[in-house]
Amino acid sequence: MSAHRHPISITSASVSLDERHRLRVRRYVIVTAGRLLAFVLSAVVYGLTGNPWLAVGVIGMSIPLPWFVALVVDDRPPWG
């Protein structure tokens, strides 16, 4: 076995799987915290305005966040 192994250049080395996972989890946590903030904000909006539809609208804006995260945060290679 005389396979020659060349060292990986720092500029061509990919990010480790553990590091990618850590970054992805961090992004999910940030977006989930934003979603929880939307629920708290909806309670504040309802308390200030007394309008339940406005509060439901704030919650409604947080519904597509998991879908958005799945599209943006996941670090899969682009299609094509």
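Contact here means heavy atoms within 4.5 Å, and that is the sense in which helix 1 and helix 3 (65-72) are among the things covering the buried residues of helix 2. Everything in these views comes from a predicted model.

**View 1. The whole chain, an α-α-α arrangement.** We start with the overall picture before zooming in. The chain has 3 helices and 0 strands. Of its 80 residues, 10% count as buried. The accessible surface adds up to about 7,200 Å², and carbon and sulfur atoms account for 69% of that.

**View 2. The buried side of helix 2, made up of Ala55, Val58 and Ser62.** These residues sit on the same side of helix 2, because they span an arc of only 55° around the axis. Helix 1 and helix 3 (65-72) are part of what covers them. Turn to the face pointing away from the buried side and you find the exposed residues Trp53 and Met61.

**View 3. The N-terminal end of helix 2, capped by Asn51.** This one is a simple close-up of a cap. A side-chain oxygen of Asn51 lies 3.0 Å from the backbone nitrogen of Trp53. Trp53 turns up in the previous view too, as one of the exposed residues on the face of helix 2 turned away from its buried side.

**View 4. Ser62 and what it touches on helix 1 and beyond.** Ser62 belongs to helix 2 (residues 52-62). Its relative accessibility is 1%, so Ser62 counts as buried, the cut-off being under 20%. Setting aside neighbours within four places in sequence, Ser62 is in contact with Arg35, Ala38 and Phe39. Of these partners, Arg35 is found in helix 1, and Arg35 gets its own view next.

**View 5. Arg35 in helix 1, with its partners further along the chain.** Is Arg35 buried or partly exposed? With 27% relative accessibility, Arg35 counts as partly exposed. Not counting residues up to four places away in sequence, Arg35 touches Ser62, Ile63, Leu65 and Pro66. Take Leu65 from that list: Arg35 and Leu65 are 30 residues apart along the chain, yet their C-alpha atoms are separated by 7.2 Å.

**View 6. The salt bridge between Arg22 and Glu19.** Side chains of opposite charge can pair when their charged atoms come close. Here the closest N and O atoms of Arg22 and Glu19 are 2.4 Å apart. The count of salt bridges comes to 1. Both residues lie in helix 1, 3 residues apart, which is about one turn of the helix. How accessible are the two partners? Arg22 is partly exposed at a relative accessible area of 47%, and Glu19 is partly exposed as well, at 30%.

**View 7. A nonpolar patch on the surface, formed by Leu37, Val40, Leu41, Val44 and Leu48.** Together, these residues offer about 510 Å² of accessible area. Val40, one of the group, lies in helix 1 (residues 17-49). Is Val40 buried or exposed? Val40 has a relative accessible area of 51%, so Val40 counts as exposed, for which the cut-off is over 50%.

Notes: Residues are numbered from 1 along each chain as its sequence is written. This is a predicted model: local features need pLDDT of at least 70, side-chain atom pairs count only at pLDDT 80 or more; totals for chains, interfaces and linings use all residues. Side-chain values use heavy atoms; hydrogens and water are left out. Patches are made of residues with over 30% relative accessible area and no salt bridge: like charges are joined within 9 Å, nonpolar side chains (Val, Leu, Ile, Met, Phe, Trp, Tyr) within 5 Å. Accessible areas come from the Shrake-Rupley method with a 1.4 Å probe; for residues, only the protein chains shown count as cover. A salt bridge is a side-chain nitrogen of Lys or Arg within 4 Å of a carboxyl oxygen of Asp or Glu. Helices (H or I, at least four residues) and strands (E, at least two) are DSSP runs, numbered from the N terminus. Buried means under 20% relative accessible area, exposed over 50%, partly exposed in between (1.4 Å probe, protein chains only). The arc is that of the directions from the helix axis to the C-beta atoms. A polar contact is a pair of N or O atoms within 3.5 Å; within protein, one must be able to donate a hydrogen and the other to accept it, and residues adjacent in sequence count only if both atoms are side-chain atoms.
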